[in-house]
Amino acid sequence: MYDTIVIGGGPAGMMAAIIAARNKKQVILLEKNQKLGKKLYITGKGRCNLTNDSEIENHLNHLTGNKKFMYSAFYTLDPYMTLEFFNQLGLITKVERGQRVFPISDHSSDVIKAFKKGLSKENVQVFYEEVESLVVENKVVKGVKTKTGSYKCRNVIVATGGYSYQMTGSTGDGYRFAKNHGHKTITPIQGLVPIEIKDEDIRNLQGLSLKNVKLKMINKNNVTIYEELGEMLFTHFGVSGPLVLSASSYISRDTKFKDIKLSIDLKPGLSIEKLDKRIIRDFDKYSRKALKNGLIDLMPSSMIPFIIKRAGLKEQMSVYEVTKEQRHNLIKIIKNIDLSISDLRGFNEAIITRGGVDVKEINPHTMESKIVKGLYFVGEVLDLDSLTGGYNLQIAYSTAYLAGLSICEKETT
Ligand SMILES: Cc1cc2nc3c(=O)[nH]c(=O)nc-3n(C[C@H](O)[C@H](O)[C@H](O)COP(=O)(O)OP(=O)(O)OC[C@H]3O[C@@H](n4cnc5c(N)ncnc54)[C@H](O)[C@@H]3O)c2cc1C
């Protein structure tokens with residue numbers, strides 16, 4: 001009979017196991033891969049943006065929903081305590097642009113090493129086995145069944161992650177466990193994911209990356225639901241890059257793609273008047289050239305044929321031939337490239353899963369199920385997600401820490 005079984009050896013599972021095992025409680029961790037932290041290893045392009053070194057308020061503001069639910073978890077383990085936790089396990093970190101925290105070595109493997117150190121310090125045993133089901137009697141958790149046998153325990157922490165990047169082991173098993181025992185799940189959808197675009201005329205832009213542009217997402221009522229400056233890129237299917245990934249997390253579950261569109265402003269730093277003056281200057285300089293050469297100082301060359309075509313002009317026309325009205329048309333396009341969304345890319349390209357176990361049925365002060373006693377859910381399996389910047393990993397640690405602490409402080413009967 002164990003005190004606690006943690007299912008899943010990702011950041012949430014490892015954190016929960018370490019904390020639950022304090023006070024010498026017997027804790028085991030079951031992971032279906034042959035190693036721990038397979039997804040953690042690929043985070044931050046292998047560098048792991050392990051948290052964001054900022055106030056709780058900022059972390060709350062980056063959640064896409066369920067803010068109230070996260071108060072207790074963030075106040076129990078905030079980003080500063082998280083860094084302290086890792087420092088004590090020998091991980092030295094650095095802060096980069098946007099308060100993003102990385103290991104000083106730039107190696108995500110060092111974060112996994114720190115977790116492993118914590119697990120062995122608290123004598124958590126790790127078994128590489130896949131959990132098939134939970135054992136629950138009269139609404140009280142009693143243990144888990146794996147492919148080869150079963151384990152008995154007083155508490156189970158489900159830390160099986162979401163549904164994205166399935167080759168890392170996150171295949172949605174926790175949703176099944178939850179549903180089988182009376183929990184509601186919010187239908188998972190892809191979050192922080194590239195977007196497929198209908199417009200055929202962008203196909204030639206494949207490979208082009210844009211810096212310092214503004215991306216907007218506009219709904220059918222012409223209300224801007226997302227607006228940010230930054231970087232993005234064109235791909236064979238549509239668009240990707242930091243701005244696009246963030247924008248994707250603002251598409252709500254019930255939105256029909258025909259009801260929203262993207263708009264790119266190539267020159268967000270210039271008002272229409274200033275851009276006009278700038279183009280007039282360029283056109284004076286290149287007055288004897290073809291229009292495609294007249295725009296060379298203003299934008300990447302691969303963008304020029306696209307812009308000219310959208311403005312209804314010809315690449316070969318002379319710059320001096322461009323009328324005032326035609327110039328104004330060009331400006332309209334440069335400030336507002338409309339793109340129609342056809343779909344999101346699949347779960348295997350989604351950084352996170354939105355949706356999951358409904359937090360209404362979870363106690364926010366302990367992470368315990370309100371339906372099954374002794375059953376806890378932590379990390380991405382819950383209906384919680386944030387934007388990029390280290391915020392998603394902080395959700396994993398904070399929810400896991402709170403569950404671990406609640407268990408570790410429980411009187412054993
Ligand atoms: C490419 C990529 C880059 C990312 N970069 C960042 C970043 O830099 N910063 C950031 O904050 N977030 C990042 N994220 C998001 C972050 O990785 C996740 O939010 C986080 O890993 C969730 O942690 P978790 O422990 O809840 O789940 P996971 O990390 O998914 O771990 C779940 C674990 O449970 C195991 N498991 C599942 N089912 C079973 C079962 N039945 N039995 C036993 N074990 C099971 C899985 O094998 C897996 O190891 C990134 C995600 C991706 C895909």
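## A buried cysteine and an exposed lysine

Let's start with Cys-48, which has 28 other C-beta atoms within 10 Å and is therefore buried. The residue belongs to the loop that links α2 to β3 (51-52). Its phi is positive, at about 60°, even though Cys-48 is not a glycine. Keep in mind throughout that this is a predicted model.

Lys-24 makes a handy companion to look at. This lysine is another non-glycine residue with a positive phi, again about 60°, and its place is the loop between α1 and β2 (27-30). Is Lys-24 buried or exposed? Lys-24 counts as exposed, because it has 10 C-beta neighbours inside 10 Å, and the cut-off for that class is 12 or fewer.

## The protein as a whole

Stepping back, the protein has 13 helices and 18 strands. Along the principal axes, its C-alpha atoms fill a box of roughly 85 × 40 × 35 Å.

Of the 413 residues, 43% count as buried. If you take the contacts between residues at least 6 apart in sequence, 72% of them join residues at least 24 apart.

## Two domains

How does the domain assignment divide the protein? Domain 1 is given as 2-189 + 347-408, and domain 2 as 194-345. In sequence terms, then, domain 1 is written in two segments, and the range of domain 2 falls between them. The centres of the two domains, taken over C-alpha atoms, are separated by 40 Å.

Where the domains meet, 9 residues of domain 1 are in contact with 7 residues of domain 2. The side of domain 1 that touches domain 2 is made up of 3 nonpolar, 3 polar and 3 charged residues.

## Around the ligand

For anyone thinking about the ligand, the surroundings are worth a careful look. Which of the 38 residues around the ligand come nearest? They are Gly-8, Gly-10, Gly-161, Gly-169 and Gly-379. Three elements give two or more residues to this shell: α1 (11-20), α2 (38-42) and α13 (391-408).

Sorted by class, the shell around the ligand has 15 nonpolar, 16 polar and 7 charged residues. Two of the contributing helices also tie back to the loops described at the start: the loop with Lys-24 lies between α1 and β2, and the loop with Cys-48 lies between α2 and β3.

## A six-stranded barrel

Now for the strands. Strands of a sheet pair through backbone hydrogen bonds, and the pairing can be parallel or antiparallel. Here, 6 strands close into a barrel, and their order is β11-β14-β13-β12-β15-β16, with antiparallel pairing. From one strand to the next, the twist averages 45°.

One pair within that order can be followed at residue level. Strand β13 (residues 224-234) runs antiparallel to strand β14 (residues 238-240), and 2 bridges join them. Phe-234 has Val-239 as its bridge partner in β14.

## A hairpin to zoom in on

A second antiparallel pair consists of strand β4 (residues 93-96) and strand β5 (residues 100-103), joined by 4 bridges. Which residue of β5 is the bridge partner of Lys-94? That partner is Phe-102.

Together β4 and β5 form a hairpin, with 3 residues between the two strands. In the turn sits Gly-98, whose phi is positive at about 70°. This is a glycine, whereas Lys-24 and Cys-48 have a positive phi without being one.

Notes
Residues numbered from 1 in each chain as written. Predicted model: local features only at pLDDT ≥ 70, side-chain atom pairs only at ≥ 80, totals over all residues. Pairing = 2+ DSSP bridges. Axes fitted to C-alpha atoms, helices over the stretch in contact; angles between N-to-C directions. Domains from an automatic or database assignment. Contact = placed C-beta atoms within 7 Å. Nonpolar A, V, L, I, M, F, W, Y, C, P; charged D, E, K, R; others polar. Near = placed C-beta within 6 Å. Buried ≥ 20, exposed ≤ 12 C-beta atoms within 10 Å, placed from the backbone.
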